[in-house]
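Reader: I should like to go through the packing, the strand pairing and the charged pairs of this structure. Please take each topic in turn.

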Amino acid sequence: PVFSGLPFVGFNYAFGTQGAQHLNLKYCQSFKRGLFIGLSYDVNSLKGYVRNSQWINRKAEISLSKIGRRFRSQALCNYYTDSRQFSGGILNDSLLSFVGLGLVPVVKDSCSALVKQQHLQWKNELNFSKDSSRFIGLYHRSSLDNFDRFYAERDTLLGFYGAVNYDSTLTQDRTELSTLKNALGFGVRWNHWDMELMSNADFWRYRMRGVQHDTLELGFSWALHYRNNRTNAFISFAKNFIGGFQASSLKGHFLRTFNRDQALNLKVAIGLDAPDVMQRFYLGNTFLWTMVQPVLQKTAMVQALFKGKVLGFDYQLGVNGLISRDVYQFNGLAWDHQSSLSNQQVLHLEVKLGRTWKGWTIEPHLTTLWQKVAILPKMGLGTGIVYQGYIGSTKNLYFFTKLKYMYYMDYKTLGFIPQLSLFDVVNFSNTGFNYHGLNALIGFKVKTFQFYLAGENLGSFFMENQQRLFVGLPVPSWQLKLGITWFFWN
């Protein structure tokens, strides 16, 4: 749609059991003289599988871009809200033998969080060269982000938490973070090369319970990009020299296409990252901390993916590696960079196969995960079966269906901290469980109209109804969804 002068409108709506609803709207159009506009609106909601677990989020976005002979300008604005209730888990899982999951009493009846986020972004390019195939000029980027979270909980809080700082019956924690980022620099683009050097100035302000923290961070970033018909290579480096604890990052990406079937994709990322602002300061009713001497978090990540074809099978071989040092984890009271997961090592191997014959496709899938501190499933094994094709000689009706099954071995049940909307990866159960993931999809399409029926969490039929997915929360029950998608041109 970006390259079409015709207006494009897309519509998708789905609803299902447990009160699930999903709505997506999109409009975009290109106008004369290089003007483009895009609008989108998304809503997703669910009443939840247990009591007091309803959530709904909304996102609205508008983008405008203008391409001139020597300049480009793009503006983006989006607004996001997320309203979520927290149950704290069910009180007694033995009741699941007599009543449904949605009828069992839960730990928390009045606990919720409301998040509001606004994002504004403006990008500009000014080309000093008269040759439109080359670029020698200035880059400008600015963005403004506002984050507001309000957490409320009404109960006898001393019965749940070891310390209450302000009110023993009501928590009302509000955190506000505003961030203004500006970047200005010089860029060159010629033949297959693209290089830019930017100076950055970032200002943030954080407020909670009348206490304010703010600072200005100055730094620079550099990036070099090379691309031709078969190769796409990118490397970038960024560093703060004032503020931000002199954090820095190095990223690289290499994509090589050998032929129509074979391609190699490599990614590398090395970071010395400062802890987030909300990790440094928090003045909540049940949590209270201030970091005295923050340290940089050290991470190194490598991703490699090779795609090819042999004996009629499409295959993907993937290797992912991660090494981390001094990464902050929440230990139940504050953020700690010396916990068991702060110094983690992970190696992930993945193999995917695919074979298509007369509209049918089979997709075997194997994944293994080695972790120094194991919390995620060690292995996953499964397959997908797909059929798609036209029905009848007129080829007006297109039919599709998919069945996907994955068996995951030895996952650990993690707790959840509602005050921070955070999973507890430090204090977890040592007992491992196996998980059956089974989803099904069937539908048809007529031109730009599509109807589908989806079944999710069908693997719950093969697991005990008391099996925990997270601490206090059993495996979700099965869910059905009906949906339509419709695209309109002009």
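The questions and answers below concern a predicted model.

Reader: Which residues touch the most other members of the largest nonpolar core?

Author: The largest nonpolar core has 16 residues. Strand 9 (193-208) and strand 14 (281-283) are the elements that give two or more residues to this core. The residues that touch the most other members are Tyr206, Tyr282, Phe287, Trp289, Phe330 and Leu420.

Reader: Which residues does Trp289 touch, not counting residues up to four places away in sequence?

Author: Trp289 is one of the core residues that touch the most other members. Among its contacts are Tyr282, Phe330 and Leu420, which are named in that same group of core residues. The full list of residues touched by Trp289 is Met278, Gln279, Arg280, Phe281, Tyr282, Phe330, Leu333, Ala334, Trp335 and Leu420.

Reader: How many bridges join strand 4 to strand 5?

Author: Strand 4 (residues 55-67) also pairs with strand 3 (residues 35-46), in the antiparallel sense and over 12 bridges; in that pairing Leu46 stands opposite Trp55. On the strand 5 side, a hairpin of three residues makes the connection, and Ile56 of strand 4 stands opposite Ser83. Strand 4 and strand 5 (residues 71-85) run antiparallel, and the number of bridges joining them is 13.

Reader: How many residues apart are Arg468 and Asp93, which form a salt bridge?

Author: The closest N and O atoms of Arg468 and Asp93 are 2.9 Å apart. Arg468 counts as partly exposed because its relative accessibility is 23%, and Asp93 counts as partly exposed because its value is 21%. Arg468 belongs to strand 28 (residues 468-470) and Asp93 to the loop between strand 5 and strand 6 (111-127), so that the pair links distant parts of the chain, with a separation of 375 residues.

Reader: Is Glu196 buried or exposed?

Author: Glu196 forms a salt bridge with Arg141, at 3.0 Å from N to O. The pair ties together parts that are 55 residues apart in sequence, because Glu196 lies in strand 9 and Arg141 in strand 7 (residues 135-154). Arg141 is partly exposed, with a relative accessible area of 31%. The relative accessibility of Glu196 is 15%, and the cut-off for burial is under 20%, so Glu196 counts as buried.

Reader: Where does Asp326, the salt-bridge partner of Lys298, lie?

Author: The closest N and O atoms of Asp326 and Lys298 are 2.9 Å apart. Lys298 is in strand 16 (residues 297-310), 28 residues from Asp326, and is partly exposed with a relative accessible area of 34%. Asp326 lies in the loop between strand 17 (313-325) and strand 18 (329-330).

Reader: Which residues are joined into one network by salt bridges that share partners?

Author: A search of the whole structure finds 15 salt bridges. Some of them share partners. The residues joined into one network are Glu125, Arg189, Asp194 and Arg227.

Reader: Which residue places its backbone oxygen 3.4 Å from a polar atom of the side chain of Thr383?

Author: Thr383 lies in strand 22 (residues 379-391) and is partly exposed, with a relative accessible area of 27%. Leaving aside neighbours within four places in sequence, Thr383 is in contact with Ile362, Glu363, Pro364, His365, Leu403, Lys404 and Tyr405. From this list, the residue whose backbone oxygen lies 3.4 Å from a polar side-chain atom of Thr383 is Glu363.

Notes:
Residues are numbered from 1 along each chain as its sequence is written. This is a predicted model: local features need pLDDT of at least 70, side-chain atom pairs count only at pLDDT 80 or more; totals for chains, interfaces and linings use all residues. Side-chain values use heavy atoms; hydrogens and water are left out. A nonpolar core is a set of buried Ala, Val, Leu, Ile, Met, Phe, Trp, Tyr and Cys residues joined through side-chain atoms within 4.5 Å. Buried means under 20% relative accessible area, exposed over 50%, partly exposed in between (1.4 Å probe, protein chains only). Helices (H or I, at least four residues) and strands (E, at least two) are DSSP runs, numbered from the N terminus. Contact means heavy atoms within 4.5 Å. Two strands pair if DSSP finds at least two bridges between them. A salt bridge is a side-chain nitrogen of Lys or Arg within 4 Å of a carboxyl oxygen of Asp or Glu. A polar contact is a pair of N or O atoms within 3.5 Å; within protein, one must be able to donate a hydrogen and the other to accept it, and residues adjacent in sequence count only if both atoms are side-chain atoms.
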